[in-house]
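Here is a walk through one protein chain, written for someone who would rather look at side chains than at statistics. Keep the viewer open as you read.

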Amino acid sequence: MDPRLTEARNPRTRAIDRADSVTILRLIQAEDRAVPEAIASQAEGIARVVDDIVERFRRGGRLVYAGAGTSGRLGVLDAAECPPTFGVDPSLVRAIIAGGPGALVRSVEGAEDSRAGGAEAVRELGVGPADLVLGIATSGTTPYVLGALREAASLGAGTAFLGCTEPAREVADLVDHLILPLVGPEVIAGSTRMKAGTATKLVLNAITTAAMVRTGRVYENLMVDLRARSAKLVDRGIRIFTMVTGASRAEARRALIRTGGAVKTALAMHALGVDRARAERYLDCVDGFLGLAIERFGGGRRPRYGGYPPAPGWPHGPELLARLGEAPARLAAHLAAFEREAVRPRIEGWLGEPGDPAHPPAFDGWRGEEPAPEAAFEAALEAFAEQRRASLAALPQPLEAALGCRARIGDETLTLYQFLRGVAQHDAAHEMRIRERVHPALLAGEDA
């Protein structure tokens with residue numbers, strides 16, 4: 001007899017093959033009512049996973065789902081929904097699925113049986129100690145998921161397991177967290193897309209939503225970190241702004257245009273009466289929590305750098321140093337894309353059609369259909385990188401002790417950590433502005 005709960009026969013549905021449609025639906029609905037209770041029994045375990053994820057996000061880590069079949073598809077779905085809902089980078093929550101992207105729309109038989117496949121996917125994603133890999137296997141035995149979890153553990157990453165039956169001892173001994181909503185046998189034996197799938201979807205929703213709330217992505221119960229990058233999100237952003245501020249839709253539209261569609265930044269600008277750069281700085285000082293920014297900086301004298309934890313705060317000193325060191329490379333990539341996609345097309349337009357004798361070509365013979373020389377642009381970026389390297393080399397050692405040293409910058413006294421975090425925040429804001437594009441729906445016209 002198969003010991004897995006998800007494979008057992010349900011005594012309450014043995015006559016379902018002779019039932020009419022209404023009876024079938026009532027049997028399914030009666031079984032579905034067991035799902036919320038099973039999830040509620042796991043509240044403390046789910047909370048521990050959320051706490052772990054929040055700490056990892058603050059250290060620059062990621063949440064990675066690993067699954068096969070329905071479990072894998074639900075992981076991919078939850079990961080895909082985080083960027084439009086909470087405005088996070090798509091790399092923050094990732095998902096790997098047995099059989100690769102093709103398995104999202106067509107079953108890839110046998111892919112779930114490969115432990116090596118799960119391990120390889122984890123390695124390809126560059127999983128490391130800052131990340132947490134959450135394996136999803138409702139039956140508790142999927143080899144692909146077990147291979148992914150074992151590889152993640154060997155790489156020093158955090159691990160968690162979500163299943164709807166008691167897992168094998170191997171899993172229990174391996175992972176840091178277990179989430180086990182035991183929903184019981186399915187209406188159709190082994191069809192884990194039903195109760196087990198519903199439980200999985202609800203648990204994943206709860207994990208990412210709670211983690212986003214805990215990292216400042218929500219104000220009251222509004223998704224203020226969304227970025228207005230579609231007509232639907234433009235409308236939602238305008239409605240959120242008007243709900244919070246009482247402003248008209250036309251005023252909300254103008255506020256969002258000034259921030260490239262960043263709702264939370266627009267709300268901070270409105271609440272604090274500051275420009276965009278200062279609003280971004282204040283939000284970063286409080287790790288993105290809009291309510292805290294309003295409370296802390298809503299009156300009196302406002303600092304330029306102060307407000308960050310004195311030292312070392314988040315991220316820790318070495319991680320902050322790494323973040324600053326990576327900035328030239330990150331910004332170089334985005335500046336290069338901006339140059340290709342925005343600057344050069346405009347230059348071509350000003351010069352007229354390539355080859356037109358009335359308009360001499362740009363860049364010493366470059367024609368629009370040919371790549372332009374990168375030398376000058378790359379030299380400017382290298383100059384930026386060189387200056388940053390010199391700044392980092394000048395930092396006193398050991399760094400951890402130096403971060404708490406205080407100095408006067410203008411009219412403020414602040415720690416070295418606070419100053420460096422301000423520099424890193426400036427890098428991040430600059431990078432974001434290079435990437436963003438105001439959605440045409442924001443520019444479509446004024447609201448009445």
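## A buried charged pair in H12

Start with glutamate 280, which counts as buried because its relative accessibility is just 7%, under the 20% cut-off. Its salt-bridge partner is arginine 276, and the closest N and O atoms of the two are 2.9 Å apart. Arginine 276 is buried too, with a relative accessible area of 11%.

Where do glutamate 280 and arginine 276 lie? Both are in helix H12, which covers residues 276-285, and they sit four residues apart, or about one turn of the helix. Keep in mind that you're looking at a predicted model.

## A link from the H12-H13 loop to H17

Now go to aspartate 287. It forms a salt bridge with arginine 421, with 2.7 Å between the closest N and O atoms. Aspartate 287 lies in the loop between H12 and helix H13 (290-297), while arginine 421 belongs to helix H17 (residues 416-435), so this pair ties together parts that are 134 residues apart in sequence.

Is each partner buried or partly exposed? Aspartate 287 comes out as partly exposed, at 31% relative accessibility. Arginine 421, on the other hand, is buried, at 3% relative accessibility.

## Salt bridges elsewhere

Helix H9 (residues 231-245) holds another pair: arginine 239 and aspartate 235, four residues apart, about one turn of the helix. Their side chains meet in a salt bridge, at 3.0 Å from N to O. Arginine 239 is partly exposed at 37% relative accessibility, and aspartate 235 is partly exposed as well, with a relative accessible area of 29%.

How many salt bridges are there by this rule? The count comes to 20. There is also a network of salt bridges, and it links Arg12, Glu31 and Lys195.

## Strands E1 and E2, and the helix between them

Next, find strand E1 (residues 63-67) and strand E2 (residues 93-97). The two run parallel, and five bridges join them. To get from E1 to E2, the chain passes through helix H4 (residues 69-86), and this β-α-β crossover is right-handed. If you want a spot to zoom in on, valine 64 stands opposite arginine 94 in E2.

## Leucine 63 and its neighbours

Leucine 63 has its place in strand E1. It counts as buried because its relative accessibility is 1%, against a cut-off of under 20%. So what does leucine 63 touch, leaving out residues up to four places away in sequence? Its contacts include Leu92, Val93 and Arg94. Leucine 63 also touches Ile53 and Phe57, along with Leu132, Leu134, Ile207 and Thr208.

Threonine 208 is worth a click. It is 145 residues away from leucine 63 along the chain, yet the C-alpha atoms of the two are separated by 9.0 Å.

## Zooming out

For the whole chain, the secondary structure comes to 17 helices and seven strands. Buried residues make up 46% of the 448 residues. Of the contacts with a separation of 6 or more, 68% are between residues 24 or more positions apart.

As for the outside, the chain exposes about 21,900 Å², and carbon and sulfur atoms supply 55% of that area.

Methods:
Residues numbered from 1 in each chain as written. Predicted model: local features only at pLDDT ≥ 70, side-chain atom pairs only at ≥ 80, totals over all residues. Heavy atoms only, no water. Pairing = 2+ DSSP bridges. Right-handed = clockwise from strand over helix to strand, strands pointing away. Buried < 20%, exposed > 50% of the residue type's maximum accessible area, 1.4 Å probe, protein only. Contact = heavy atoms within 4.5 Å. Areas by Shrake-Rupley, 256 points an atom, 1.4 Å probe, with all protein chains shown as cover. Salt bridge = Lys/Arg side-chain N within 4 Å of Asp/Glu carboxyl O.
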